[in-house]
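Please walk me through this structure. Start with its pocket, then turn to the DNA and the overall fold.

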Amino acid sequence: MDSAEFHAAVYHVVRQIPPQRVTSYGHIAKLIGMPRYSRHVGQALKFLSPNTNPPVPWHRVISSSGTISSRGPGTDGAERQRQVLEAEGVEVRESRGGELKVDLGTFGWFPEPGSIDLGEYGEARDEEEAGSGEG
DNA sequence: AGTGTGACCCGGT
DNA sequence: CACCGGGCCACAC
């Protein structure tokens, strides 16, 4: 699995997140079969072009705790993500520390690995399974 | 070859 | 809920 293919796999899965739902970097990593690569999911979204042909709903990916990643002080990425989420009906609230949070119990989308379409990226495996396989 | 960093995750306090 | 420590993988210096 090359870096380019990893990115492609991430985009493929992110495109399947339904409207008004959010999931986490870590869960995307799980879905593509690489549970230890949560940090790289964020990188893949960072390198995403703003005008890809099938659009990638990057805004529906937040942290596992329901927090929108701040991307550092002085950046407006988190605020842009908030506005896009609210525009499609996702409720975002602000904690005292200024953190933007979404209620995962209401808007969370965490399908089990294997229950979604991986397309040509279904060969990725981070953990070997003894005695089983695609065949 | 070591150190620091990043759109992260989990458990403990 | 907030804070901290450890784990994780790849990249830049």
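Helix α3 gives the largest share of the lining of the largest pocket, with 5 residues. Helices here are DSSP runs of H or I with at least four residues, strands are E runs of at least two, and both are numbered from the N terminus. A pocket is found on a 1 Å grid over the protein atoms alone, as an open set of points where a 1.4 Å probe fits, with protein on both sides within 12 Å along at least five of seven lines; lining residues have an atom within 4 Å of a point. The largest pocket has a volume of about 580 Å³. That volume is the space filled by probe spheres set on the grid points, which are joined across faces, edges and corners. Of its 21 lining residues, Gly42, Leu45, Lys46, Trp58 and Arg71 are the closest to the centre. Two elements, α3 and α4 (77-87), each give two or more residues to this lining. By class, the lining has 8 nonpolar, 8 polar and 5 charged residues. Ala, Val, Leu, Ile, Met, Phe, Trp, Tyr, Cys and Pro count as nonpolar; Asp, Glu, Lys and Arg count as charged; the others, Gly among them, count as polar.

The model is predicted: local features need pLDDT of at least 70, side-chain atom pairs count only at pLDDT 80 or more, and totals for chains, interfaces and linings use all residues. Residues are numbered from 1 along each chain as its sequence is written, chains are lettered from A and ligands numbered from 1 in the order written, and side-chain values use heavy atoms, with hydrogens and water left out.

Now the DNA. Around strand B there are 14 residues, and Gly26, Arg39, Lys46, Ser64 and Ser69 come nearest. A residue is near a strand if one of its heavy atoms lies within 4 Å of it. Two residues reach phosphate oxygens of DNA strand B: a backbone N or O atom of Gly26 at 2.8 Å, and a polar side-chain atom of Lys46 at 3.0 Å. Arg71 turns up here too, with a polar side-chain atom 3.4 Å from a base nitrogen of DNA strand B. The elements that give two or more residues to this surface are α2 (25-31) and α3 (38-46). Again α3 gives the largest share, here 6 residues. The surface near DNA strand B has 3 nonpolar, 8 polar and 3 charged residues. Of the strand B atoms within 4 Å of the protein, 42% belong to sugar or phosphate and the rest to bases.

DNA strand C comes next. The residues around it are Arg36, Tyr37, Arg39, His40, Arg93 and Ser95. Sugar and phosphate make up 83% of the strand C atoms within 4 Å of the protein. An N or O atom in the side chain of Tyr37 is 2.6 Å from a phosphate oxygen. A polar side-chain atom of Arg93 lies 2.5 Å from a phosphate oxygen. His40 instead places a polar side-chain atom 3.1 Å from a sugar or linking oxygen. The surface near DNA strand C divides into 1 nonpolar, 2 polar and 3 charged residues.

Last, the whole chain. Chain A has 5 helices and 4 strands. From the N terminus, its elements run α-β-α-α-β-α-β-β-α. The C-alpha trace spans about 50 × 30 × 25 Å along its principal axes. Buried residues (under 20% relative accessible area, with a 1.4 Å probe and protein chains only) make up 39% of the 135 residues in chain A.

Note on methods
A polar contact is a pair of N or O atoms within 3.5 Å; within protein, one must be able to donate a hydrogen and the other to accept it, and residues adjacent in sequence count only if both atoms are side-chain atoms. Buried means under 20% relative accessible area, exposed over 50%, partly exposed in between (1.4 Å probe, protein chains only).
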